[in-house]
Amino acid sequence: MVKRLMVAVLALAAAASAWAQEKFPTRPIEFIVPWGPGGGADQVARKVGSLLEADLKVSFPVLNVPGASGNTGMAKLLAGANDGHAMSIFIADTYAQIATASPRWKPGDYVPLAIMIRQPSGFFVRSDGPYKTWNDLVKAAKANPGKLKVGVTGFGTLDDMTVNYFASKGIRMASVPYAKPGERYAAVLGGHADVLYEQAGDVRAMIDGGKLKPVIFFHTDRIYDVFPDVPASKELGFDIYLPQFRSIIVRAGTDPKRVKVLADAIEKAAKDPEYYAYLKQQWALRDSFIPGKDAQKFMDGELAAMKKVAALLPKK
Amino acid sequence: MLETLTHLAGGFADVLQPVNLLVLAIGLVLGLLVAVLPGLTLVMGVVLALPFTYRMELTPAIILLTAMYVSGTYGGAFTSILFRIPGEPIDVPLLWDGYAMARAGAPAKALGWTLFGALGGGLVAALVLVLLSEPVARLALTFSAPEFLAIILFGLTSVVSLGGGSVTNALISLFIGLLIATVGTDETYGAERFAFGVRMLSDGIEYLLVMVGAYGLGEVFTRLEQGFRTQTAGAGKGAPIRTELPRLKELLATKATFIRSSLIGILVGIIPGAGATIASFVSYGAEGQYGRRRKELGSGIPEGILAPQTAATASVGGALIPLLTMGIPGSGATAIILAAFLLKGVQPGPQVFVSSGDTVYAIFASLFVAVLGMCLLGYFAIKLLVRVLAFPEAVVSAFVVMFCFVGAFAARNNLTDLYVITAFGVIGYLFERFRFPIAPMVLGSILGPLAENAFMTTMISHDNDWTVLFTRPVAGVVMALAIVALAYPALRRWRTR
């Protein structure tokens, strides 16, 4: 009797949970942004969140949890339940820590839902400055090794890794960290730093306004539609890319059915003309979006590249 | 010039449309509320308002956020002056003269001075924004890390200009604040400091927690000890508390302070990374050095209220200049306004005057309307707010505690932050109990991380040569001012001996 009752209860519970799955999502899904409001990661989340809201009919409140290069936000995601009611933005700068530091999380702790945006980085100089082209920079760096200053986000970041890569090729420049983007841009515009490492979309106002110009992009091909005259690193013989990417992840162990609901909705959102317009405005790669099933493979490839460049970093 | 005025007239026509005017009013009220609540900072408030702009047109979206930003620099004056609880870090300097004046029986007058400061500073900055944004933006670019560091150091010296108190105690308190600011992971090299392997400490201690804990909770603890029997400012003397505007003669007597503070506010505002908080502290420090009545500063004089409030509100116009002309946010709140622009597919910068000129001039016009509206609102809001003074203190204190906790939690969504503010509440209470100044500690924890970052950047970009602080003209002048500010009390003592 007891046994039969238990079976009945279990069946009921199973049915209930199946019903619950069908209804997923029924309540708001927390969208963690491990960076401050207003930045690139925040914008992607708000853009995608507003598209998802219209589709899945629940709200996606953005929760900014900045700190420690994204580790604080990651800790927040991993400390929560893995029921699909929390997802997070996860960007290349945070991912790079596996190559350069020893973060408290590992790739198996999360499942990528999609890569949302990919932007090649580049070096920029001010338009009325002494350096106009990549060759000018190389000449100046070789004449006075270590004297050219590159405005970067911080030491050990993708920015700094790129500067170190060129140092290993005999083009020695010095990384100068500026914590806030505004300070970094102003430093280059005001001539306090010579070079800026950035993604073109983030400084679009200054490029459109004729204040900054790119001299090299760290990419396999030229960005022909916007900057046909700016060389790509590959054609110059430099095997350095490290593009910025921003992905969306959930905690590992989330019910695959729920992962699929979210991943499908995100894929739909990425095809929305509004999202495409956003990518265009950001000068991101037009084929930025990588669906969940291929995202892990892409990230593995990026990690291998990061590890290779990180090996060139000076040991602490 | 004439063209600018024509565009501006068009901007006013835009702002006075019902939708925009409604949004502006909502923004002003929200900004005041956010500023009044301890813990919930104005930057947090603007972040919380951002999702509501998703479905708006560009112009009303930006007007909403700008209006919040403007009134956010003003609302905290109420709680600071009436209850000695700073709603925002920018209001800390208001505690010195503002609260002192309120204690001396003139809370209405103190509030009147903040009203005038916000009004004047806001309008002057809006004018500069409209007429001089291009040259002023170029000026901002000549500032780099060494200048930034010098300005912060000057801001730190404002503690010694607090008349009456012991300079030694102020410095001890300041260094405790700076020490608190070093706890956690260093931003440049990622080294952990004073963390002792505790996760909570390795994330660092936010200045917000120090401020809300030491002032908000500390004040409640102090009142608790007194059995909630203290009289709130002015209430006991039966003085009617309403906004009392300063007389014209009094205003004219403070014109030097007003001009100095407006300029400091605008200038600090345009420097990327520095906002209303630094403007407020630096302006108070400058008043302590160069004000006509510098010796009386801290005892409740109008200049001490006018200086920080004028600079704080003026910094809004200043911070919008690099945002609109170059796409570089000059402060925390303008970074969010930038995001609102980008989410609408518009990139602020030189070409925005052409591509979205209407919006830009509507923003300019909205700044004028917002400053006027905010002061009107402040004039009437005070009557309502003052009723709170009539409630039993225990009830008011309970709400203060609630808002402190809500605000502290909202900042990082981190539960451990609540333990931290409680700890600082106890520290604040002990400081108060043993007549030790709290303000320098709070100041140190606010400006410490900024100073450290500027210092590291200066050292790295100048091959560890600290003399650049003195050899670069602007940095050198500001450093000289800071050193004079530090040495002055010692010199004065030596002279009187």
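In this predicted model, A:R126 stands opposite A:L212 in strand β9 of chain A, and that pairing is a handy way into the fold. A:R126 belongs to β5(A), which covers residues 121–126. The partner strand, β9(A), takes in residues 212–217 and runs antiparallel to β5(A), with five bridges between the two. β5(A) also pairs with β8(A), residues 195–199, again in the antiparallel sense but over four bridges. Here A:F123 sits across from A:Y197.

With those partners in place, how much of β5(A) is buried? Six of its six residues are, so the strand is largely enclosed by the rest of the structure. The cover extends to both faces: A:S121, A:F123 and A:V125 are buried on one side, and A:G122, A:F124 and A:R126 on the other. A:R126, the residue that opened this account, is thus one of the buried set.

Stepping back, chain A as a whole contains twelve helices and eleven strands. Its C-alpha atoms fit a box of roughly 90 × 40 × 30 Å along the principal axes. Of the 316 residues in the chain, 53% are buried. Many of the contacts link distant parts of the sequence: among contacts in chain A with a separation of 6 or more, 76% are between residues 24 or more positions apart.

An open sheet of six strands also turns up in chain A, in the order β2-β1-β3-β10-β4-β11 and with mixed pairing. The edges belong to β2 and β11 (290–291), and each of these has a single partner strand, so one side of each is left without a neighbour in the sheet. From the β2 edge inwards, β1(A), residues 30–33, pairs with β2(A) in parallel over three bridges, and A:I32 has A:L63 as its bridge partner. β1(A) is likewise parallel to β3(A), and three bridges join them; in this case A:E30 is matched with A:A86. The sense then changes, as β3(A) and β10(A), residues 244–251, run antiparallel and are joined by four bridges. A:F90 faces A:S247 across that pairing.

β3(A) is mostly covered, with six of its six residues buried. A:A86, A:S88 and A:F90 make up one buried face, while A:M87, A:I89 and A:I91 make up the other. So both A:A86, the partner of A:E30, and A:F90, the residue opposite A:S247, come from the face shared with A:S88.

Just ahead of this strand, A:D83 is found in the loop between α3 (71–79) and β3 (86–91) of chain A. Is A:D83 buried or partly exposed? It is partly exposed, because 16 other C-beta atoms lie within 10 Å, whereas a buried residue would need 20 or more. A:D83 and A:R258 are 175 residues apart along the chain, yet their C-alpha atoms are separated by 8.0 Å.

Turning to the interface, 38 residues of chain A are in contact with 38 residues of chain B. On the chain A side, α2 (40–56), β2 (62–64), β7 (174–177), α8 (181–189), α9 (204–208) and α11 (273–281) each supply at least two residues. The most comes from α8(A), with six residues. By type, the chain A side divides into 17 nonpolar, 13 polar and eight charged residues. β2(A) therefore appears twice in this picture, as an edge strand of the open sheet and as a contributor to the side that touches chain B.

Chain B has a helix worth a closer look. α11(B), residues 207–225, is 19 residues in length and reaches 26 Å from its first C-alpha to its last, close to the 27 Å expected at 1.5 Å a residue. The helix does bend, by about 30° at B:G218. α11(B) is also mostly covered, with 15 of its 19 residues buried. Just after the helix, B:G227 adopts a positive phi of about 70°.

As for confidence, the model scores ipTM 0.76 and pTM 0.80. In chain B the pLDDT averages 83, and 92% of the residues score at least 70. Residues 233–239 of chain B are a weak spot, with a pLDDT below 50, although this stretch has 15 contacts in the model beyond near neighbours in sequence. Where pLDDT is low, the predicted coordinates should not be read in detail.

Technical notes. Residues numbered from 1 in each chain as written. Chains lettered and ligands numbered in written order. Predicted model: local features only at pLDDT ≥ 70, side-chain atom pairs only at ≥ 80, totals over all residues. Buried ≥ 20, exposed ≤ 12 C-beta atoms within 10 Å, placed from the backbone. Contact = placed C-beta atoms within 7 Å. Nonpolar A, V, L, I, M, F, W, Y, C, P; charged D, E, K, R; others polar. Expected span 1.5 Å × (residues − 1). Bend = angle between axes of the 7 residues up to and from the residue. pLDDT = per-residue confidence, 0-100. Pairing = 2+ DSSP bridges.
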